[in-house]
Amino acid sequence: DEALNLFQAYAKDNPKSAMAHYLAAMAHSGKRNSQQAKAELAEAVKLNPKWDEPKILLAQISLREGNDAQAVESLKEVLKDHPHNIQAHTLLGNTYLAKRKIPEAAKAYEEVIRIAPNSPVGYTQMGRVLFLQKKEKEAVAQLEKALSLQPNHVDALQLIVAYHMSQKDVKKALERVEQQVKISPRNPLFYSMLGGIYEASRDNANAEANLKKAIELDPGQTSFHTSLANFYMRQKMLDKARAGYATAIEKSPNNIAAHMALGMIYESEKNYPKAQEAYEKILKINPNFTPAANNLAYIYAEHGGNIDVALNLAQKAKEQAPNDPHVSDTLGWIYYKKNVPGRAVAYLKEAAEKVPNQPMVRYHLGMAYYKNGDRDLAKKELNEALRLDANFAGADEARATLGTLK
């Protein structure tokens with residue numbers, strides 16, 4: 001925001017400066033104000049038609065919006081004036097690759113390699129193309145070439161590891177990363193990669209050690225703290241997971257993934273006030289984050305919150321994720337709580353059809369049928385919930401309700 005204000009003030013004083021409009025466009029793009037960014041870029045291009053950077057940024061915005069045709073047009077325009085622009089060739093190749101236009105993508109990456117034979121980028125992207133063509137041996141050779149040019153080129157190593165893991169050759173994946181660690185022992189991303197491979201091979205001690213090593217080498221990188229916390233979460237070590245997410249949030253207060261994970265931990269521990277606090281923080285950061293809105297709506301409905309606020313949240317979540325069965329379940333349960341059983345049944349039936357093996361969803365549907373006067377359907381759903389799990393959270397009420405249906 002501050003950058004945008006400064007650039008707009010400068011553009012106002014210097015309306016004929018292409019740079020001023022380009023910088024304003026960069027700030028707008030950073031704020032995801034696509035239309036304003038495109039307007040500023042159009043002005044920059046008008047003032048300096050041969051300047052390539054505004055056209056490349058325009059292509060990037062077009063790609064972000066899913067307008068591949070516009071992106072290709074902008075990039076071809078750049079290459080007409082600047083045929084050796086590596087970024088334009090790479091972006092063009094990436095655009096074709098995303099659309100599975102393999103020959104066109106290969107041609108663009110071949111050009112990158114021709115122009116910049118000592119850059120790892122062309123070889124890495126060509127490796128991706130060759131994998132899609134099922135030419136695994138040639139793909140790995142291209143990626144190895146990229147790593148020989150730039151030993152810290154993480155993308156190339158990740159693709160090699162992904163290939164070995166897809167072949168279920170964990171040993172080869174480990175050996176390849178450990179080989180690269182010997183060459184670049186101070187690269188924290190390699191240790192993070194090792195942590196993931198060790199966890200996949202169920203060597204949790206080495207997984208934890210390598211994830212911690214990544215943090216030791218770069219303690220300011222939030223993603224490493226989040227990765228370690230995620231590992232602890234998967235191992236059901238909730239105290240350590242909670243501490244890891246708290247550290248990630250301390251280093252990056254707007255880390256939605258960490259806030260969400262914390263909320264889910266607190267919810268699993270039945271610490272609903274803390275869970276509510278975590279989800280509320282997320283919605284302050286991003287009011288449209290559906291999982292937080294859904295979970296918060298459910299907490300409000302179940303644990304003494306304002307049922308109308310819960311309904312508003314659930315309805316908004318449903319608008320954003322109309323096919324999510326968990327959102328339908330929440331919305332249906334709130335209508336049940338508000339004594340609108342007919343509408344509750346509609347949403348809960350939709351949820352149960354999509355996740356039939358969730359005992360809570362079947363229980364909710366059974367209770368809605370019961371309140372709606374559909375005794376046989378209520379009995380069927382409540383019995384099914386208990387068959388799926390005799391000890392789920394609503395099991396006692398399900399049994400008590402079934403007792404009244406005999």
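1. A quick term first: a residue is called buried when its relative accessible area is under 20%, and exposed when that area is over 50%. Keep in mind that this is a predicted model. With that cut-off, the buried residues of helix α3 are S34, A37, E40, L41, A44 and V45. They sit on the same side of α3, because the arc they cover around the axis is only 140 degrees.

2. Now turn α3 around: Q35 and K46, on the other side, are exposed. As for what lies over the buried residues of α3, the cover includes α2 (18–30) and α4 (52–64). The geometry of α3 (residues 34–47) holds no surprises: its 14 residues reach 20 Å from first C-alpha to last, close to the 20 Å expected at 1.5 Å a residue.

3. Zooming out, the chain is helices and no strands as far as secondary structure goes: 24 of the former, zero of the latter. The C-alpha trace spans about 80 × 55 × 40 Å along its principal axes. Of the 406 residues in the chain, 47% are buried. The accessible surface comes to about 20,800 Å², and carbon and sulfur atoms own 50% of that.

4. On contact range: take the contacts between residues at least 6 apart in sequence, and 44% of them join residues at least 24 apart.

5. Which residues touch the most other members of the largest nonpolar core? They are V129, V177, Y245, Y279 and Y363, in a core of 109 residues. The helix giving the most to this core is α18 (residues 290–302), with eight residues. There is also a second, separate core of ten residues, and Y22, A25, L41 and W51 are among them. You've met L41 already, as one of the buried residues of α3.

6. V129 deserves a look of its own. Skip its neighbours within four places in sequence, and V129 is in contact with L97, I102, A105, A106 and Y109.

7. Last stop, G332, which you'll find in helix α20 (residues 325–337). Is G332 buried or exposed? G332 counts as buried, because its relative accessibility is 0% and the cut-off for buried is under 20%. Leaving out residues up to four places away in sequence, G332 touches A344, Y347 and L348. If you want a distance to check in your viewer, try G332 to A385: the C-alpha atoms are 17 Å apart in space, with the two positions 53 residues apart in sequence numbering.

Conventions
Residues numbered from 1 in each chain as written. Predicted model: local features only at pLDDT ≥ 70, side-chain atom pairs only at ≥ 80, totals over all residues. Heavy atoms only, no water. Core = buried A, V, L, I, M, F, W, Y, C linked by side-chain atoms within 4.5 Å. Buried < 20%, exposed > 50% of the residue type's maximum accessible area, 1.4 Å probe, protein only. Helix = DSSP H or I, 4+ residues; strand = E, 2+ residues; numbered from the N terminus. Contact = heavy atoms within 4.5 Å. Expected span 1.5 Å × (residues − 1). Arc of directions from axis to C-beta. Areas by Shrake-Rupley, 256 points an atom, 1.4 Å probe, with all protein chains shown as cover.
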